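Me: Please take a close look at one part of this structure, its interior. What forms it, and how do the elements around it fit together?

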Amino acid sequence: MTATDVFIGLGSNQADPSAQLAGAVARLAALSETELVAQSPFYRSKPVGPQDQPDFVNGAAWLRTELSALELLDQLQAIEQAHGRERIQHWGPRTLDLDLLLYGNETIASERLTVPHAELANRDFVLQPLLDLEPGLALPDGRTIAQLRQRCPDNNLQKLNPVERAPFPPG
């Protein structure tokens, strides 16, 4: 099997969000059959949905993997669980949210997975980190991330200072 370039959205607003994202990136880098190509800067953003919760810290990771999309989704959900993710409220607070945004040039629509991510074009906190990673990145339908970012409402993103990636044991 050949490796596929994939992009993962990262988000957290609980239990030291920047550390949650740094730990998740370390775990992504340790996945079998997967290489971490790059990670974006982290950004602070207002929550989508209920506003009675802390701001989020968001970013993105670029991976090259031989895992199938569903195998990768399983690994992402396992990492979320390892970080104490509880699915209590839709768009509610969370320790870690990992979204499979793009899987190569594929369009996937299944019960478990939609790629490109359904809300990608509407979220500056997803588009800006993708733009940081790969300025020429495009969706399977040909729309570029740069075009989408220009049209996307501004959520007053604040770029955060880089944080060291703390070592995090795989698993």
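Reply: Two residues are in contact when heavy atoms of theirs lie within 4.5 Å. That cut-off decides what counts as covering a helix below. The model is predicted.

Start with the frame. The chain holds 4 helices and 8 strands. From the N terminus, their order is β-α-β-β-β-α-β-β-β-α-α-β. Of the 171 residues in the chain, 46% are buried. Take the contacts between residues at least 6 apart in sequence: 70% of them join residues at least 24 apart.

Now the interior. Nonpolar side chains tend to be buried together in soluble globular proteins. Here the largest nonpolar core has 26 residues. Ile8, Leu10, Leu28, Leu72, Leu98 and Leu100 have the most contacts inside this core. Two or more residues each come from strand S1 (4-12), helix H1 (17-29), strand S4 (56-65), helix H2 (69-82) and strand S5 (97-103). H2 gives the most, with 5 residues.

Leu98 gives a view of the packing. Leaving out residues up to four places away in sequence, Leu98 touches Ile8, Gly9, Leu10, Ala24, Leu76, Ile79 and Glu80. Another core lies apart from the largest one and has 19 residues. Among them are Tyr43, Leu102, Leu127 and Leu130.

Next, the strands. S1 and S5 pair in the antiparallel sense, over 6 bridges. Ile8 faces its partner across that pairing: Leu100 of S5 stands opposite. Both residues are on the list of those with the most contacts in the largest core. S5 itself is mostly covered, with 6 of its 7 residues buried.

H1 comes next. Its 13 residues reach 18 Å from first C-alpha to last, close to the 18 Å expected at 1.5 Å a residue. Of those 13 residues, 11 are buried, so H1 is largely enclosed by the rest of the structure. The buried set is Pro17, Ser18, Gln20, Leu21, Ala22, Gly23, Ala24, Val25, Ala26, Arg27 and Leu28. Their cover includes S1, strand S2 (34-39), S4, H2 and S5.

Gln20 deserves a stop. This residue sits in H1. Its relative accessible area is 11%, under the 20% cut-off, so Gln20 is buried. Its side chain makes a polar contact with the side chain of His83, at 2.5 Å. Setting aside neighbours within four places in sequence, Gln20 is in contact with Ser12, Gln14, Ala15, His83, Thr95 and Leu96.

Gln53 is another buried glutamine, at 9% relative accessibility. Gln53 lies in the loop between strand S3 (43-45) and S4. Its side chain makes a polar contact with the side chain of Asn13, at 3.0 Å.

H2 is a 14-residue helix. At 1.5 Å a residue it should span 20 Å, and its end C-alpha atoms are 20 Å apart, which agrees. Ala69, Leu72, Leu73, Leu76, Ile79 and Glu80 are its buried residues. They cover an arc of only 120 degrees around the axis, which puts them on the same side of H2. Among what covers them are S1, H1, S4, S5 and strand S6 (108-109). Just after H2, Gly84 takes a positive phi of about 80 degrees.

Helix H3 (residues 124-133) is mostly covered too: 9 of its 10 residues are buried. They are Asp124, Phe125, Val126, Leu127, Gln128, Pro129, Leu130, Leu131 and Leu133. Two of these, Leu127 and Leu130, are in the core of 19 residues. The cover over the buried residues of H3 includes S1, S2, S3, S4, S5 and helix H4 (145-151).

H4 carries a contrasting glutamine. Gln150 belongs to this helix. At 70% relative accessibility, over the 50% cut-off, Gln150 counts as exposed. Gln150 and Asp124 are 26 residues apart in sequence, with 9.3 Å between their C-alpha atoms.

To sum up the interior: S1, H1, S4, H2 and S5 each give two or more residues to the largest core. The other core, apart from it, includes Tyr43, Leu102, Leu127 and Leu130.

Methods
Residues are numbered from 1 along each chain as its sequence is written. Side-chain values use heavy atoms; hydrogens and water are left out. A nonpolar core is a set of buried Ala, Val, Leu, Ile, Met, Phe, Trp, Tyr and Cys residues joined through side-chain atoms within 4.5 Å. Buried means under 20% relative accessible area, exposed over 50%, partly exposed in between (1.4 Å probe, protein chains only). A polar contact is a pair of N or O atoms within 3.5 Å; within protein, one must be able to donate a hydrogen and the other to accept it, and residues adjacent in sequence count only if both atoms are side-chain atoms. Two strands pair if DSSP finds at least two bridges between them. The expected span of a helix is 1.5 Å times one less than its number of residues. The arc is that of the directions from the helix axis to the C-beta atoms.
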